[in-house]
Amino acid sequence: MWALRSLLLLRSAAGRSMSQTPARRQRPPKDPLRHLRTREKRGPSWEPGGPNTVYLQVVAAGGRDAGAAVYVFSEYNRYLFNCGEGIQRLMQEHKLKVARLDNIFLTRMHWCNVGGLCGMILTLKETGLPNCVLSGPPQLEKYLEAIKIFSGPLKGIDLAVRPHSAPEYKDETMTVFQIPIHSEQRCDAPQPSQSPEGSSAGQSPDSGSTESKQHPQPVTLSTRTGVSQKPGGRDPSLVVAFICKLHLKKGNFLVLKAKELGLPVGTAAIAPIIAAVKDGKSVTYEGREVLPEEICTPPDPGLAFVVVECPDKGFIQPICENAAFRRYQGEADAPVALVVHMAPECVLADGRYQQWMERFGPDTQHLILNENCTSVHNVRSHKIQTQLNLIHPDIFPLLTSGRPQEEGSSAVPGVRGECLLKDSVITCNSDEFIAEALELPNFQESVQEYQKTMHDGPAPAEKRSEYPEVIFLGTGSAVPMKIRNVSSTLVNISSDKSLLLDCGEGTFGQLCRHYGEEVDRVLGTLAAVFVSHLHADHHTGLLNILLQRERALVSAAPECSAICASLGKPFHPLLVVAPTQLTAWLQQYHNQCQPVLHHVSMIPAKCLRKGAEVSSSKTERLISSLLGKCELEEFQTCLVRHCKHAFGCALVHKSGWKVVYSGDTMPCEALVQMGKDATLLIHEATLEDGLEEEAEEKTHSTTSQAIGVGMRMNAGFIMLNHFSQRYAKIPLFSAHFNEKVGIAFDHMKVRFTDFPTVPKLTAPLKALFAGDIEEMEERRGKRELRLVRAALLSRQQAEGPEDRVPQQKRASARESQSPQSKKVRAM
């Protein structure tokens, strides 16, 4: 944690670990928008007086799995600098208030900076936040238009775009100046538009006007001149830095000193005196002049901090020569307390960049965020996996923390970024996680009993087959949370062939935590991705998979990458089976942000339905390639009962096994027919039994409904996933659970030979999560009681008063005759 007021201090890395944090008392639910009502009470005519303290917190330290992001907050405002994939999940884990974000600042239009923005905006909309301002490159406005392709109209939240050409932004906490920086390696030629099939679109992206968002400082979208490019198109040669100057903080009024001087402390007359001395003015009271320094501490000068991204060496010279930075170097009116550097090691090792850092002076601290930072993200996920590993080490493998990269040498001392909590650096202590689990009542006994049962049971009839192997990367629904990420399942068909079933935000990060240094090898085996539908929690991780796959195959950034070695495999587009509507989103992102269309060969999901006619010879070739690469006899899809253009799929391997994936759906007869006699059914079970009405309203399935689909399908085994985030650790078990049903967890690894084992894990799982299950059952009991009361009230309202009187007499008569009432009278 960096305190941006008078002095910046980084908390010691020896701070307490997460598991040592004492349990907190349950608090009543708070109004997430209470800060807005407080601001309204202050009124619009505020004067910059400076907040008491401003903190800067590292959300993501720049690692390959999470990118770089910082969160700045005071008692008045909240700011986020960059919003890559997984940032929302990390903020939720760190208890950072997403609903209080005033501003999101983006340094460039690259997926590592904007990959989490889609989900973040949808979450802000759901919390009821009325407005949020996005600052950064001019393509932001087009990006917001593009996400409406799958999010629909963003009604209820006013999103304003403040491009780099806009004047400075000012609020209660600070003034922010945007500094555009153009690389020496500019794109001097217009970049042709492409379609996912590789042909030229022959048309520039839609340049029609969009509805402008209102803001206290209304601006219009503008693009820089001097570079030949499509109007409003992507510009990789532009990054935006931010100089943030805190408002001068007025001094504190010294009450005791004022009393000694006889000032009217405690009366209405003291108010104008306090206001005057805080403004540095002398006052006269009862004929005596009182100087401000006599009864007021000196004002705290407004410090500044800088956030700058230098992606490669092409930006070094423009940064060094930028006049805006020079005004804050050497003898500056506003001393720079901190510079946040989002830069790879090759930039930090460059002599020009080091000299630029030195010019800020010895009192400026430097925070470095890049892939060489060793911070562990998603500690909650590590904790759960470490404890699950005690139950079954193969099905619940330990996660990797990543090997620390060698730090480059720099003449300027800097602090390597780490994910920070408010009071301490996050640590990941596996021994503490294990000790906590072993102290739980009945946990050790249930694990030992399970192990004894497996040891005493009959020997497996067949040798343990290594493939196919199913790895659940994301088993939660709607939004990424600290324990369950959103939908994604990796099917390893063989040692060198795999495919993804859905690809929600953060899928690549999950692969990094699961495979560690082997992640590039896994990306190299990826033959296809199936996207079931266009809800954000099922496809917004696709772009990062595409970009990281290219890096793994051909080492797209050899000069500045922390991991430079490529697999040396030829690059070829990834086969993507998806609703055709996904094409529009990829096209828009390609036009406005980064070239991505050469990564993809699209197969419309509707073309794989039973009996579908395929009119395009190219699509036929792609389908044939899909079957060949994945060694499949058949890849079939069907429409399911969810949103429009939602699909399930069935994979039939040449060796005979069959895996069926439901996507999101209510119980669906078409899925049952397509999946007949499946070896494995992976079916969503968003809600618990008893919530059938809510499930129907949201077009999802309950636990028993999902099991029922599997039974009607005659599936050999059923894995339930896509749980509502209200069941963060474990869902409630249904009475329909049997020896053919298992519950999916993030990073769970299941082979077909594990099917007899998975149901036997139920007892240890119940012991590990006993407290959570008890809490959920208590909530269910209260809900059922409310339903009973509501039904009785409705029945009473439907009956007349004359009907209720005899019933009440009969009820009281029955009560008087009951054994319990007689016992009470006898007592």
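1. Helix α26 covers residues 770–798, a run of 29 residues. From its first C-alpha to its last, α26 reaches 42 Å, close to the 42 Å expected at 1.5 Å a residue. The model is a predicted one, and the remarks in this note should be read accordingly.

2. Within α26, the buried residues include I773, M776 and R783. An α-helix has 3.6 residues a turn, so residues three or four places apart point the same way. The partner of the buried residues of α26 is helix α25 (762–768), against which they pack.

3. A second helix pair deserves comment. Helix α13 (residues 379–389) packs with helix α14 (residues 430–438) at an angle of about 55 degrees, and their axes lie 9 Å apart. Angles from 65 to 115 degrees count as roughly perpendicular and those under 35 as roughly parallel; α13 and α14 are therefore oblique to each other. The crossing of α13 past α14 is right-handed.

4. The residues that meet between these two helices can be listed by side. α13 contributes V379, H382, K383, T386 and Q387. On the α14 side, the residues met are S430, F433, I434, E436 and A437.

5. For the chain as a whole, the model contains 28 helices and 29 strands. Of its 827 residues, 53% count as buried. Among contacts in the chain with a separation of 6 or more, 73% are accounted for by residues 24 or more positions apart.

6. As to the surface, the chain exposes about 36700 Å². Carbon and sulfur atoms supply 51% of that exposed area.

Technical notes:
Residues are numbered from 1 along each chain as its sequence is written. This is a predicted model: local features need pLDDT of at least 70, side-chain atom pairs count only at pLDDT 80 or more; totals for chains, interfaces and linings use all residues. Side-chain values use heavy atoms; hydrogens and water are left out. Helices (H or I, at least four residues) and strands (E, at least two) are DSSP runs, numbered from the N terminus. The expected span of a helix is 1.5 Å times one less than its number of residues. Buried means under 20% relative accessible area, exposed over 50%, partly exposed in between (1.4 Å probe, protein chains only). Contact means heavy atoms within 4.5 Å. Accessible areas come from the Shrake-Rupley method with a 1.4 Å probe; for residues, only the protein chains shown count as cover. Axes are lines fitted to C-alpha atoms, for helices over the stretch in contact, and angles run from 0 to 180 degrees between N-to-C directions. Angles under 35 degrees count as roughly parallel, over 145 as roughly antiparallel, 65 to 115 as roughly perpendicular and the rest as oblique. A crossing is left-handed if the near helix is turned anticlockwise from the far one by less than a right angle, and right-handed if clockwise.
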